[in-house]
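Here are a few notes to read alongside the structure. Keep the viewer open and follow them point by point.

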Amino acid sequence: MVDTTCRIGSVLFKNPVVMASGTFGFGREYAKFYDLNKLGGISGKGLTLKAKEGNEGLRVWETAAGMLNSVGLENPGIMGFLEEETPFWQQLDTVRIVNLGGGCLSDYEEGAEILENFSVRSLADERPAYDMIELNISCPNVKEGGMAYGIRTETAREVVRLVREATSLPLVVKLSPNAEDLTGMAAMCEEEGADGISLVNTFSAMKIDIHKRRSVFQNLYAGLSGPAIKPIALRMVHQVCKTVSIPVMGMGGISSAEDAIEFIMAGAETVQVGTHNFVSLRAGEELVEGISAFMRQEGIKSLQEIRGII
Ligand SMILES: Cc1cc2nc3c(=O)[nH]c(=O)nc-3n(C[C@H](O)[C@H](O)[C@H](O)COP(=O)(O)O)c2cc1C
């Protein structure tokens, strides 16, 4: 038997494989293909205070080694999630993570308060429907001309502080690779009381339709994910792991157990898997099995033996 358990704050994961936000819905569709209880965890689609319809026009574009997306955070809103998805999440025996986004400070704060109150209420009579919040600070700041909160450390600090004050739920802050000072941003999250950090979100990127002579996306730029970003994401995860002492969820282009092991050797406590879910519908199950098989082959009893060895 190999020990694949991981911990972030008070939350225990049975293994390091967590499905990344926006690539797994709330898990229901994938439950047709394998037992979701095999997973370390699931991060649900990013939620905003009010439901959002998402962006007009093309939303995804396949690239040589990955994909571009401009989904625009289409989601049912926090109340829609609580009503429609929590009964399903309540039955799952895996770590359930609410990914929280927002367009302004008050949205983030109110969202965190609602999640806090609902979790306290559900605790009173039954198992809570979610275990932690992943705070997505890559959202555009609507009131400040659309620049993402996650670019400047001091702007992001306001969001992290408000959300930390609004909830006692374990809190992971998800960093954008487009941040001006990535390690400074990570250090700020630790200072403000985050229980962990997840990175990376997508890289700002572009695709031009040369016949129409314009970007294929209505918002001009889109987010790049998948194998194309893996070497850069790995370097960023390594740098952040060397900077902070709170646990890190590493992601960016993971598509095999070997990729996941690289992130753990770079220092990640857990990994997250996004785009690969579109390549293999059983990606989560395959990675969980692949990591255990690698550990058995190499005589590794616990992930602690290899975590952060680089
Ligand atoms: C279609 C799509 C939608 C996404 N939606 C979200 C989201 O709602 N919230 C979020 O924090 N990240 C979102 N992401 C980013 C992923 O969670 C992940 O950080 C990124 O894709 C890098 O990992 P990967 O290369 O394994 O996909 C999305 C990514 C994709 C491809």
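1. Is Cys6 buried or exposed? Cys6 is buried, with just 2% relative accessible area. Do keep in mind while reading that this is a predicted model.

2. Next, the other cysteine to look at alongside Cys6. Cys241 also counts as buried, at 17% relative accessibility. The cut-off for buried is under 20%.

3. How many disulfides are there in the whole structure? A search turns up zero. For Cys6, the closest cysteine sulfur belongs to Cys241 and sits 12 Å away, so the two are too far apart for a bond. Seen from the other end, Cys241 is in no disulfide either, and its nearest cysteine sulfur is that of Cys6. For scale, a pair of cysteine sulfur atoms has to be within 2.5 Å to count as a disulfide.

4. Now for the ligand. Which residues are closest to the ligand? They are Ser21, Lys174, Gly226, Gly253 and Thr275, out of 22 residues that surround it. By type, the shell splits into 15 polar residues, five nonpolar and two charged.

5. Some individual contacts are worth picking out on screen. The side chain of Thr275 has an N or O atom 2.6 Å from an oxygen atom of the ligand. At Gly46, a polar backbone atom is 3.2 Å from a ligand oxygen. Asn136 uses its side chain, where an N or O atom lies 3.4 Å from an oxygen atom of the ligand. As for cover, the ligand on its own has 600 Å² of accessible area, and the protein covers 96% of that.

6. Last, have a look at the second largest pocket. Its volume is about 200 Å³. The lining includes Cys104, Leu105, Met147, Ala148 and Tyr149. Also in the lining are Asn141 and Thr155, along with Lys143, Glu144, Arg152 and Glu158. What is the mix of residue types there? Five are nonpolar, four are charged and two are polar.

Key: Residues are numbered from 1 along each chain as its sequence is written. This is a predicted model: local features need pLDDT of at least 70, side-chain atom pairs count only at pLDDT 80 or more; totals for chains, interfaces and linings use all residues. Side-chain values use heavy atoms; hydrogens and water are left out. Buried means under 20% relative accessible area, exposed over 50%, partly exposed in between (1.4 Å probe, protein chains only). On a 1 Å grid over the protein atoms alone, a cavity is a set of points where a 1.4 Å probe fits but cannot get out, and a pocket is an open set with protein on both sides within 12 Å along at least five of seven lines; lining residues have an atom within 4 Å of a point. Grid points are joined across faces, edges and corners, and a volume is the space filled by probe spheres set on the points. Ala, Val, Leu, Ile, Met, Phe, Trp, Tyr, Cys and Pro count as nonpolar, Asp, Glu, Lys and Arg as charged, and the others, Gly among them, as polar. A residue is near a molecule or strand if one of its heavy atoms lies within 4 Å of it. A polar contact is a pair of N or O atoms within 3.5 Å; within protein, one must be able to donate a hydrogen and the other to accept it, and residues adjacent in sequence count only if both atoms are side-chain atoms. Accessible areas come from the Shrake-Rupley method with a 1.4 Å probe; for residues, only the protein chains shown count as cover.
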